[in-house]
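I sat down with this entry to look up its pockets and then its nonpolar core. My notes follow in that order.

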Amino acid sequence: MVGFNSIPEEIEKRARDQNFKLPVFNQVAIKLQNAIATNCSMAQVETLILKDPALASEVLRVANSAMFSGLSKLESIQQALVRLGTRQVLNIVMVTSQKQMFKAQHPVLNKIMLKLWQHASASAGGCHWIAIKSGYKNIKDQAFLIGLLHDLGSLVILKVLDDILHENKSIQLTESVIIELINTLHTKYGSQVMESWELPSAFCQVSRDHHQDNFDTKNTLLIITRLVDYACSKAGIGLNPQPSLTLGVLPEVSALAIKDVHLAELEIQLEDFIEAFR
């Protein structure tokens, strides 16, 4: 039986166990990303999405949300691709395919999972939006993906804890203790998972360093992620709300030369993305 004081050690042990199934991308999402990278046709993209009917249905629902919809309702994946473009549809696929991972057997963990999902979906949209508004449109798609994945280590920790608490009914962990574990350990396991997925080293670095006091001030993806992380905290999105935080004084804001009006709009964008990917 796992004792309370050995929980961090048990997380470390199980996260490194080859039998532990780390969160992975939906296979359709991976194939779609590769297809778009090789400039495949819109028809091929549509065919890939339709191979997963549940995913296709969710993509269409999100495409018709207030965040993305136009004057008329989209009735097919083909129409979504024409109106939004393949890159935007890929972003929607990436987020919706991740959503299914944020589930737990334990009720306390499931509550935290919901907060993590809201943070992940809001961060994806927020990083994409800030990249555009700060003049880095060329990295907006990378920003979207790193916004979605930067706290992946939190998901790994909760998956391990879910197994531990299912096996050991006598262990009682409060929400505050679980959040403390996540705050302490998630950057380590996030970069570890990204390395196992063979994601670009820049992504691993953002996952590892997005809470560091001393950080690479020339790493634009990292700066964007840090700013959106703070914006989420100010808006009460995620596990560590800081409503009194003043975004305008942050060094990340200066580094990106973000205007005050864009900071105010960012909070609205975050809420819109939560609603779109609810």
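I took a pocket to be, on a 1 Å grid over the protein atoms alone, an open set of points where a 1.4 Å probe fits, with protein on both sides within 12 Å along at least five of seven lines, and its lining residues to be those with an atom within 4 Å of a point. I kept in mind that this is a predicted model, in which local features need pLDDT of at least 70 and side-chain atom pairs count only at pLDDT 80 or more, while totals for linings use all residues. Numbering runs from 1 along each chain as its sequence is written, and side-chain values use heavy atoms, without hydrogens or water.

I looked first at the largest pocket and found 20 lining residues, with Asp151, His211, Asp229, Ser233 and Asn240 nearest its centre. Helices H7 (107–133), H10 (175–196) and H12 (220–234) each give two or more residues to this lining, and H12 gives the most, with four; helices here are DSSP runs (H or I, at least four residues), numbered from the N terminus.

I then turned to the largest nonpolar core, meaning a set of buried Ala, Val, Leu, Ile, Met, Phe, Trp, Tyr and Cys residues joined through side-chain atoms within 4.5 Å, where buried is under 20% relative accessible area with a 1.4 Å probe and protein chains only. This core has 99 residues, and Ile130, Leu158, Leu161 and Phe277 have the most contacts inside it. H7 gives the most to the core, with 12 residues.

Finally, I followed Leu161, which touches Ile7, Ile11, Leu109, Leu173, Ile178 and Leu181, leaving aside residues up to four places away in sequence; contact means heavy atoms within 4.5 Å.

Technical notes: Buried < 20%, exposed > 50% of the residue type's maximum accessible area, 1.4 Å probe, protein only.
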